[in-house]
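Let's take a walk through this protein, starting with its empty space and then moving on to a strand and some backbone oddities. Have the structure open as you read.

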Amino acid sequence: MRDITTGIAAALLLAGCGTTRYRPVSDLPVRIGPSYTVRGITYTPAAQPGYDMVGHAGWYGSESGNRTANGERFRAKGISAAHPTLPLPSYVEVTALDTGRTILLRVNDRGPFARGRIIDLSRGAAQLLGVRVQGHAAVRVRRVDPSERDRGRLRQGKPATARPDTAPATLAALRARLAAASR
């Protein structure tokens, strides 16, 4: 009798472990979602096909295993990001304005909700961009439409095809744009 009771208790315990359901990693459907408010600021998601902004990025990773706003399991080592208003999922090129290094990543979460930041990178994306150690960086974020091969790699949490570094003249113009926006 004791073995049966122990077995039932173990089965109930294990059944409780699998209650979080994650959406399969997919590019469809693309979700825009309704406006929402965080800390008194209202964000309105929109299609934004020509999105091209300069600002600051941070990174996050302690949430590994939690559900993203897209319903997927967050993988800290994956190459992904959080953005407050782009459709989920979206693909963006992020360029570090201090080095010119550019990476492609997949936006599948909402955030950042910290003043002055336009995107939060997963730990894996921050490492790939070379900004993990400092924790934040001035960046350019530009929405793009990558190849299916790159989309597939990013859906698996792997890096996309390497992007060329940004030319020094373009970097100087982007830094000037950031300085003007900060005034």
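## The enclosed space

A cavity here is a set of grid points where a 1.4 Å probe fits but cannot get out. Keep in mind that you're looking at a predicted model. By that definition, the structure holds one cavity of 30 Å³ or more, and the largest cavity contains about 90 Å³ of space.

What lines the largest cavity? Its lining is made up of 13 residues, and those nearest the centre are Glu72, Arg75, Ser80, Asn108 and Leu154. Strand S6 and helix H3 (148-155) each chip in with at least two residues of that lining. As for chemistry, the lining of the largest cavity splits into five charged, four polar and four nonpolar residues.

## The largest pocket

Now for the open kind of space. The largest pocket has a volume of about 190 Å³, and S2 and S7 are the elements that give two or more residues to its lining. There are 14 lining residues, with Tyr43, Pro84, Pro112, Ala114 and Arg117 sitting nearest the centre of the pocket.

How many residues of each class are in the lining of the largest pocket? The count is nine nonpolar, three charged and two polar.

## Strand S5, covered on both sides

Next, have a look at S5, which spans residues 90-96. Why is this strand described as largely enclosed by the rest of the structure? Seven of its seven residues are buried, so the rest of the structure largely encloses S5; buried means under 20% relative accessible area. Both faces are covered: Ser90, Val92, Val94 and Ala96 are buried on one side, and Tyr91, Glu93 and Thr95 are buried on the other.

S5 also has strand partners. With S6 (residues 102-109), S5 pairs in the antiparallel sense over six bridges, and glutamate 93 stands opposite leucine 104 of S6. These two strands make a hairpin with five residues between them. In the turn of that hairpin, glycine 100 has a positive phi of about 85 degrees.

S5 runs antiparallel to strand S8 (residues 136-143) as well, joined to S8 by five bridges. Find threonine 95 and you'll see that its bridge partner in S8 is arginine 140.

## Two cis peptide bonds

Where are the cis bonds? One joins leucine 28 and proline 29, with omega at about -5 degrees. Proline 29 belongs to the loop between helix H1 (2-17) and strand S1 (36-38).

Another cis peptide bond joins glycine 111 and proline 112, and here omega is about -10 degrees. Proline 112 is in the loop between S6 and strand S7 (117-122). You've met this residue already: proline 112 is among those nearest the centre of the largest pocket.

## Positive phi without glycine

Arginine 39 isn't a glycine, yet its phi is positive, at about 50 degrees. You'll find arginine 39 in the loop between S1 and strand S2 (41-43). Is this arginine buried or exposed? Arginine 39 counts as exposed because its relative accessibility is 69%, and the cut-off for exposed is over 50%.

Glutamine 48 is another residue other than glycine with a positive phi, near 45 degrees. Its place is the loop between S2 and strand S3 (52-60). At 22% relative accessibility, glutamine 48 counts as partly exposed.

Terms used
Residues numbered from 1 in each chain as written. Predicted model: local features only at pLDDT ≥ 70, side-chain atom pairs only at ≥ 80, totals over all residues. Heavy atoms only, no water. Buried < 20%, exposed > 50% of the residue type's maximum accessible area, 1.4 Å probe, protein only. Helix = DSSP H or I, 4+ residues; strand = E, 2+ residues; numbered from the N terminus. Pairing = 2+ DSSP bridges. 1 Å grid on protein atoms, 1.4 Å probe; cavity = no way out; pocket = protein on both sides within 12 Å on 5 of 7 lines; lining within 4 Å. Points joined across faces, edges and corners; volume = space filled by probe spheres on them. Nonpolar A, V, L, I, M, F, W, Y, C, P; charged D, E, K, R; others polar.
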